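Subject: Structure for your review

Hello,

Here is the structure you were expecting, with the sequence. My notes on what was found follow below.

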Amino acid sequence: MDFLMSGLAACGACVFTNPLEVVKTRMQLQGELQAPGTYQRHYRNVFHAFITIGRVDGLAALQKGLAPALLYQFLMNGIRLGTYGLAEAGGYLHTAEGTHSPARSAAAGAMAGIMGAYLGSPIYMVKTHLQAQAASEIAVGHQYKHQIFPPESWKLALVAAMVSGIAVVLAMAPFDVACTRLYNQPTDAQGKGLMYRGILDALLQTARTEGIFGMYKGIGASYFRLGPHTILSLFFWDQLRSLYYTYTK
């Protein structure tokens, strides 16, 4: 569960931070091995880079490399945080006397970080290649021609649906838990709930009593239900639209 929770949390954050990763990659490659003032600066600062990429490459370019970025975050953070969590749960971070050992914690953290970085490095390379791809007028660094899926591929729709499934389940899981408990609570003779006054009360009571993870109970089952549902819904929607426009032209 530590692996799954930490990996999913990192993926959820990645959806929102990947545009900054695209900007960072472009700015770091700009002027590579060239003296200052001898090259054209396509990206003057973070905000200018956002505007330039969105205007020239299109807004979708700000999410370039999202698929490998999600896989990288899931593997790296899942392994890094999950391994450390297992070490903590197994008591390896404490001495024989039961006191916390800073040296063991540092060693466990270092080993977990090395494992995550080693396994995630090839995926990070692919992510960097994809995020550096740009129109010729704003291209920086070497331009690899990788293309994971053709623009109209059904596989692209599947990947997009998988990403949206992660975001949806992370955002909606607390409300789903509260909803389930509201429906399942005992009632009095008038049908009024005996445990919760409403959804906000259910959320507050759950967080107060069971902690933040209590609000994410059943998240694995939620994704394996919602994930395929979202994937299939968006996939069929995309394919039906494609068929409609093909035969109505």
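Which residues make up the largest nonpolar core? This is a predicted model, and in it that core has twelve residues in all: Leu 8, Cys 11, Cys 14, Val 15, Leu 66, Ala 69, Leu 70, Ile 166, Val 169, Leu 170, Ile 219 and Tyr 223. At least two of these residues come from each of helix H1 (2-29), helix H3 (66-89), helix H5 and helix H7 (219-247). The biggest contributor is H1, which gives four residues.

Leu 8 is a convenient place to start looking at the core. Leaving aside residues up to four places away in sequence, Leu 8 touches Phe 74, Ile 166 and Leu 170.

There is also a second, separate core of ten residues. Among its members are Tyr 43, Ile 53, Ala 134 and Ile 138.

Now the surface. Nonpolar side chains tend to be buried together in soluble globular proteins. In this model, a nonpolar patch of about 450 Å² lies on the surface, made by Val 168, Met 172, Phe 175, Ile 199 and Leu 200. Two elements give two or more residues to the patch, namely helix H5 (154-184) and helix H6 (199-210). H5 provides the largest share, three residues.

Why is Val 168 classed as partly exposed? Its relative accessible area is 34%, and the partly exposed class runs between the 20% limit for buried and the 50% limit for exposed. Val 168 is found in helix H5, a helix that also supplies at least two residues of the largest core.

Regards

Technical notes: Residues numbered from 1 in each chain as written. Predicted model: local features only at pLDDT ≥ 70, side-chain atom pairs only at ≥ 80, totals over all residues. Heavy atoms only, no water. Patch = residues over 30% accessible without salt bridge, like charges linked within 9 Å, V, L, I, M, F, W, Y side chains within 5 Å. Areas by Shrake-Rupley, 256 points an atom, 1.4 Å probe, with all protein chains shown as cover. Salt bridge = Lys/Arg side-chain N within 4 Å of Asp/Glu carboxyl O. Buried < 20%, exposed > 50% of the residue type's maximum accessible area, 1.4 Å probe, protein only. Core = buried A, V, L, I, M, F, W, Y, C linked by side-chain atoms within 4.5 Å. Contact = heavy atoms within 4.5 Å.
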